[in-house]
Amino acid sequence: MVKKKILLVTDAWTPQINGVAVSLEELKKNLELQGFSVTVVHPGLFNTIPLPFYSEIKIALFPERKFGHILAVEKPDFVHIATEGPLGFVARAYCIWKKISFTTAYHTHFPMYLSLYVTRFAIPKLAYRYLSWFHNGARATIVHTATLKRELESHGFKKTVLCPLGVDTNFFTRNLFPELPLFVGPVFTYFGRVAKEKNVEEFLACNLPGTKLIIGDGPERKRLEIAYKGSAEFVGYKKGQELVDWLSLSDVLVFPSRSETFGLVVLEALACKIPVAAHDVMGPRDIITSGVDGFLGENLEEAALQCLSIPKEKCREKALQFSWENSTRTFIKAIS
């Protein structure tokens, strides 16, 4: 039987460390387990330049000709455009020109990001206009939470399909004896990019007992490490088993971001039996049952302290409801 071919186009891919890249790697792996052939078109295949003010992210430079060649050679059965950057834009243009059906995904909430970095109110509104134009050309746009689906539809998105992400609960499982330094407990942890849109400083400013642990890196790390020297442990990016081991030191995950479309790290923490303190916003509210496997609220400090009373098994139970197998099946149905 001939394998169906999927061309997966993304501006976010390894060696980038972010939720988009991680979720797409998992999607590729699970699609291949389902018998699909997946070719990823990513910035590493092209000449790139670093994104201004965010040098760890590199974007493809003039990818048109090479992308056209890849499309002609691969002759995919399905084209899925996962991001709206330079590669996503070129892929969309080619698909429209060649009359090739395609799907898209909405991973990053750019209008909210722009409201943090740009003060002019018109900029986020223009972003919604561009993004709705971009995605409405697709046969379907995949979104990961019901809250996001409703919001995008209110801004003119016409063909959204709900497809929650998953977590590998065999891999993300608490290590009872990690070979790492012990910290004064309780240990309150943030992990992810250390960037303005992640609102990490709100967590660092909380008056909490024990230790604050920051797992991750990004453009804000140096400033925050200086500003909160002596009051938080910054350990940088961690991957694989090392990440699981560091998470296993944690008593509570504090998730201060207000700009997530899902929050994959929330699931990864829950799988390691770590309750989550977060704001009652898109992403956390679509995963966390407040008072059961975490606490949601405006007062992050209060929510973090309340999480210490959460039974850890309840967190694991929630994570087991989200699997990459189910996510992949929903994805296949959406693109077919």
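In this predicted model, the search for enclosed space finds 1 cavity of 30 Å³ or more. The space inside the largest cavity amounts to about 90 Å³. Its lining is made up of 13 residues, and those nearest the centre are L27, H107, H144, L165 and F331. Two helices deserve a look here: α1 (19-33) and α14 (324-335) each contribute at least two residues to the lining of the largest cavity. Sorted by class, this lining contains 8 nonpolar and 5 polar residues, with no charged residues.

The two helices α1 and α14 return when attention turns from the cavity to a pocket. The second largest pocket has a volume of about 170 Å³, and α1 and α14 are the elements that give two or more residues to its lining. With 4 residues, α1 provides the largest share of the lining of this pocket. In total, 14 residues line the second largest pocket, and V167, D168, T169, W324 and E325 are the ones nearest its centre. Charged residues do appear in this lining: the classes are 6 nonpolar, 4 polar and 4 charged residues.

The aromatic side chains are the next stop on this tour. The model contains 9 aromatic pairs. One of them joins Y94 and W97, whose rings lie 5.6 Å apart, centre to centre, with 55° between the planes. This pair counts as tilted because the angle falls between the limits of 30 and 60 degrees. Y94 and W97 both belong to helix α3 (residues 86-98), where a spacing of 3 residues puts them about one helical turn apart. How do the two partners fare in accessibility, buried or exposed? Y94 has a relative accessible area of 17%, so Y94 is buried, whereas W97, at 58% relative accessibility, is exposed. The ring of W97 has a further partner, as the charged end of K98 sits over this ring at 4.2 Å from its centre.

A second tilted pair is formed by Y130 and W133, with ring centres 5.7 Å apart and planes at 35°. These two residues lie in helix α5 (residues 122-136), and here again the spacing is 3 residues, about one turn of the helix. Y130 is partly exposed, with 32% relative accessible area, and W133 is also partly exposed, at 42%. Both values lie between the 20% and 50% limits, which means that neither residue counts as buried or as exposed. The pairing extends beyond these two rings, for F89, Y130, W133 and F134 are linked by ring pairs into a cluster.

Charged side chains supply the remaining details. Elsewhere in the model, the charged end of K66 sits over the ring of F46, 5.6 Å from the ring centre. Another charged residue, E197, is found in the loop between β9 (187-191) and α7 (200-204). Which class of accessibility does E197 fall into? E197 is buried, because its relative accessible area is 3% and the cut-off for buried residues is under 20%. The side chain of E197 makes a polar contact of 3.0 Å with the side chain of R193.

Technical notes:
Residues are numbered from 1 along each chain as its sequence is written. This is a predicted model: local features need pLDDT of at least 70, side-chain atom pairs count only at pLDDT 80 or more; totals for chains, interfaces and linings use all residues. Side-chain values use heavy atoms; hydrogens and water are left out. On a 1 Å grid over the protein atoms alone, a cavity is a set of points where a 1.4 Å probe fits but cannot get out, and a pocket is an open set with protein on both sides within 12 Å along at least five of seven lines; lining residues have an atom within 4 Å of a point. Grid points are joined across faces, edges and corners, and a volume is the space filled by probe spheres set on the points. Ala, Val, Leu, Ile, Met, Phe, Trp, Tyr, Cys and Pro count as nonpolar, Asp, Glu, Lys and Arg as charged, and the others, Gly among them, as polar. Rings of Phe, Tyr and Trp (its six-membered ring) pair if their centres lie within 6.5 Å; planes under 30 degrees apart count as stacked, over 60 as edge-to-face and the rest as tilted. Buried means under 20% relative accessible area, exposed over 50%, partly exposed in between (1.4 Å probe, protein chains only). A charge sits over a ring if NZ of Lys or CZ of Arg is within 6 Å of the ring centre and within 35 degrees of the ring normal. A polar contact is a pair of N or O atoms within 3.5 Å; within protein, one must be able to donate a hydrogen and the other to accept it, and residues adjacent in sequence count only if both atoms are side-chain atoms.
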